[in-house]
Amino acid sequence: MSISCLTPAERDSALAALPLWSLRADGLALVRTLRFADFAAAFGFMTRVAILAEKADHHPEWSNVYNRVEITLTTHDAGGLSQRDVALARAIDAAAIGAA
């Protein structure tokens, strides 16, 4: 199955619907930083997202330092942003409600 990159119009529409996310400087990824009460809350959030990502077979690039989680979403097979990134960003936003 071939995964295609978002068109500029699709990318702009996705960004408008994902106000907590930013476009990485090179235009090939979505990025978001979340802060939690403590390490346990951040790690619990990452665990919930890991389960969602595994089910979607689409995995974030991320890092965690104490209460901060930095997430980058891109589709390497497409060479940039795809609908898979948009869908995972929405799922991450839903998982973050009440957690951050």
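A note on terms before we start: the angle between a helix and a strand is taken between their N-to-C directions and runs from 0 to 180 degrees. With that in hand, here is a short tour of this predicted model.

1. **The helix over the sheet.** Helix α2, residues 39-56, lies across three strands, namely β2 (30-35), β3 and β4. Relative to β3, helix α2 runs at about 165°.

2. **The sheet itself.** If you trace the strands across the sheet, you meet them in the order β1-β2-β4-β3. These four strands make an open sheet, and their pairing is antiparallel. At the edges sit β1 (22-23) and β3, each of which pairs on one side only. As a reminder for newcomers, strands of a sheet pair through backbone hydrogen bonds, either parallel or antiparallel.

3. **The β3-β4 hairpin.** It is worth zooming in here. Strand β3 covers residues 61-65 and strand β4 covers residues 68-73, and five bridges join them in the antiparallel sense. You can follow the register by eye: S63 has E70 as its bridge partner in β4, while N64 is partnered by V69. Two residues separate the strands of this hairpin, and Y66 takes a positive phi near 50°.

4. **A nonpolar patch on the surface.** Which residues make the nonpolar surface patch? They are F39, F43, V65 and Y66, and the patch amounts to about 420 Å². Y66 is thus a residue to look at twice, as it also has the positive phi in the hairpin of β3 and β4. F39 belongs to helix α2. Is F39 buried, partly exposed or exposed? Its relative accessible area is 39%, so F39 counts as partly exposed.

5. **Salt bridges, and one that spans the chain.** Searching the whole structure turns up four salt bridges. One of them joins the side chains of R32 and D93, with an N to O distance of 2.4 Å. Because R32 lies in strand β2 and D93 in helix α3 (residues 83-96), this pair ties together parts that are 61 residues apart in sequence. Are R32 and D93 buried or exposed? Both are buried.

6. **Two further salt bridges.** R24 and D26 meet through their side chains at 2.9 Å, N to O. Here the partners are partly exposed: R24 has a relative accessible area of 28%, and D26 has 45% relative accessibility. Another salt bridge links E70 with R68, where the closest N and O atoms are 2.9 Å apart. E70 is partly exposed at 33%, and R68 is partly exposed at 23%. You have already met E70 as the bridge partner of S63. In general, side chains of opposite charge can pair when their charged atoms come close.

7. **T72 and its surroundings.** Finally, have a look at T72, a residue of strand β4. Why does T72 count as buried? Its relative accessible area is 17%, and buried means under 20%. What does T72 touch, leaving out residues up to four places away in sequence? Its contacts are R24, A29, L30, V31, P60 and E61. R24 is the residue that forms a salt bridge with D26, which gives you a handy way to step from this point back to the previous one.

Terms used:
Residues numbered from 1 in each chain as written. Predicted model: local features only at pLDDT ≥ 70, side-chain atom pairs only at ≥ 80, totals over all residues. Heavy atoms only, no water. Pairing = 2+ DSSP bridges. Contact = heavy atoms within 4.5 Å. Patch = residues over 30% accessible without salt bridge, like charges linked within 9 Å, V, L, I, M, F, W, Y side chains within 5 Å. Areas by Shrake-Rupley, 256 points an atom, 1.4 Å probe, with all protein chains shown as cover. Buried < 20%, exposed > 50% of the residue type's maximum accessible area, 1.4 Å probe, protein only.
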